[in-house]
Every structure is written in structure tokens, then in C-alpha cells.
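Here is a short briefing on one protein chain. Please look through the sequence and the model before reading the points below.

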Amino acid sequence: MKAVAEIEIPRPPEAVFEYMDVPENQARISPRLTAVETLGTRDNGGKRARYTYRLLGLDFDGEVHGVVHDPPERISFELSGDVEGRIEWTFEPTEEGTRVTYATTYDLGLPTVLRWLLAPVTARFNQRELDRTLRNLDEKLTEPADS
């Protein structure tokens, strides 16, 4: 399953990168991510974290491993555990701030027939989730400091 979304946020790439470089902040903006705990920092600067993702009343647990850590341009995580895949964040400077692109590729380990049957529904769901995550990121980074 794949999905890509982007948004422009009126903050510099360094500020957006810094926020997304804290794994716990992902849980603050992702609707179905119920828990994130940083486990350490890898030699490349990327983070290692444990997460729980809740979907349809089920918890999916696993770890993310920061495989690309290129401040302030890119963060990539490999997912392992109940969900296998990759998350890619890119941060491009614009005149107004930063274009943030959020791309995911993952596998829930479902049988091929079930994946095929659910593909249209999961594609729409995944796109809505990514769009919502980016809107939440924009709100977090543009809300007044005393909020």
C-alpha cells in the first residue's frame, strides 16, 4: 500500500525538520498513532522508536529505524513489526516556507486476495490519513507559542 501527500507550511525547513525529528511528535499529529517512544539515536543521526498504531480496534506494534537523516531536507524510516514498510518525509524551501511531502509504503501482511479486495477502500483511507496528518502538522507549527 502506498500513499503520498504534501502541504506548504509557513515555517522554514529547519523548524519543520526539527519538529519531525522528534518521534513522539509523530503521535501528536497522526490520528491513529496512539503511542511512540524514542529508543535511541542511530549513528547516522536517525532515531529508533517503538510505536503503536490503532486501526479498526486493533493495535499494530513495531519499531521505526531512521535510515536517512539529512537535516533539514529529509527523514526516512524503515518500519518493522506488525507493519513492514517505509515512511519518507521531505522538506523543500519555498517562498512562503516549506513544502512538506509525506510518503508511505507499507504491508500489513494480509493475504493477496484480501489486499486486492480492500485496495480501493484502503487507498482512500490512507490518503485521508496522510492529508489529515499534514493538516495537523501545519496547525501544530503555526499555532501561537502560548497554546
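The points below go from the overall fold to the sheet, the core and the aromatic residues.

This is a predicted model. The protein chain has 3 helices and 7 strands. The strands form an open sheet with antiparallel pairing. Helix H1 lies across several of the strands, and helix H3 gives the most residues to the largest nonpolar core.

**Overall make-up**

- From the N terminus on, the elements follow the order β-α-α-β-β-β-β-β-β-α.
- The protein chain has 147 residues, and buried residues make up 41% of them.
- Among contacts with a separation of 6 or more, 47% are between residues 24 or more positions apart.
- The exposed surface of the protein chain is about 8,300 Å². Carbon and sulfur atoms supply 52% of that area.

**The sheet**

- The strand order is E1-E7-E6-E5-E4-E3-E2.
- Which strands form the edges? They are E1 (2-9) and E2 (33-41), and each pairs on one side only.
- From one strand to the next, the twist averages 20°.
- Strands of a sheet pair through backbone hydrogen bonds, either parallel or antiparallel.

**E2, E3 and E4**

- E2 and E3 (residues 47-55) run antiparallel and are joined by 7 bridges.
- Two bridge partners in E3 can be named for this pairing. Tyr51 is the partner of Val36, and Tyr53 is the partner of Leu33.
- The hairpin of E2 and E3 has 5 residues between the strands. Gly45 takes a positive phi near 95° there.
- E3 also pairs with E4 in the antiparallel sense, over 8 bridges. Arg50 stands opposite Glu63 in E4.
- E3 and E4 form a hairpin with 2 residues between them. In this turn, Leu56 has a positive phi of about 55°.

**Helix H1 over the sheet**

- H1 covers residues 13-20.
- Which strands does H1 lie across? They are E1, E4 (58-70), E5 (74-81), E6 (84-93) and E7 (98-107).
- H1 runs at about 155° to E6.

**The nonpolar core and helix H3**

- The largest nonpolar core has 31 residues. Met20, Trp89, Phe91, Val100, Leu134 and Leu137 touch the most other members.
- H3 gives the most to this core, with 5 residues.
- Leu134 has contacts beyond its neighbours within four places in sequence. They are with Ala5, Glu6, Ile7, Trp89, Val100 and Tyr102.
- Asp138 lies in H3, which spans residues 112-142. With neighbours within four places in sequence left aside, Asp138 is in contact with Ile7, Glu8, Ile9 and Pro10.
- Asp138 and Glu8 are 130 residues apart along the chain. Their C-alpha atoms are separated by 8.1 Å.
- Ile7 is in contact with Leu134 and also with Asp138.

**Aromatic residues**

- The structure holds 3 aromatic pairs.
- Why does the pair of Trp89 and Phe91 count as stacked? The ring planes are at 5°, under the 30 degrees set for stacking, and the ring centres are 6.5 Å apart.
- Is Trp89 buried or exposed? Trp89 is buried, because its relative accessible area of 0% is under 20%.
- Phe91 is also buried, at 2% relative accessibility.
- Trp89 and Tyr102 form a stacked pair as well, because their planes are at 5°. The centres of these two rings are 4.1 Å apart.
- This pair links distant parts of the chain. Trp89 is in E6 and Tyr102 is in E7, 13 residues apart.
- Tyr102 counts as buried, at 7% relative accessibility.
- Which residues form the aromatic cluster? Phe17, Trp89, Phe91 and Tyr102 form one cluster.

**Where the topics meet**

- Trp89 is one of the core residues that touch the most other members. Trp89 also belongs to the aromatic cluster and is in contact with Leu134.
- Phe91 appears among those core residues and in the aromatic cluster.
- Tyr102 belongs to the aromatic cluster and is in contact with Leu134.

How values were computed:
Residues numbered from 1 in each chain as written. Predicted model: local features only at pLDDT ≥ 70, side-chain atom pairs only at ≥ 80, totals over all residues. Heavy atoms only, no water. Helix = DSSP H or I, 4+ residues; strand = E, 2+ residues; numbered from the N terminus. Contact = heavy atoms within 4.5 Å. Core = buried A, V, L, I, M, F, W, Y, C linked by side-chain atoms within 4.5 Å. Buried < 20%, exposed > 50% of the residue type's maximum accessible area, 1.4 Å probe, protein only. Pairing = 2+ DSSP bridges. Axes fitted to C-alpha atoms, helices over the stretch in contact; angles between N-to-C directions. Areas by Shrake-Rupley, 256 points an atom, 1.4 Å probe, with all protein chains shown as cover. Phe/Tyr/Trp six-rings, centres within 6.5 Å; stacked < 30°, edge-to-face > 60°.
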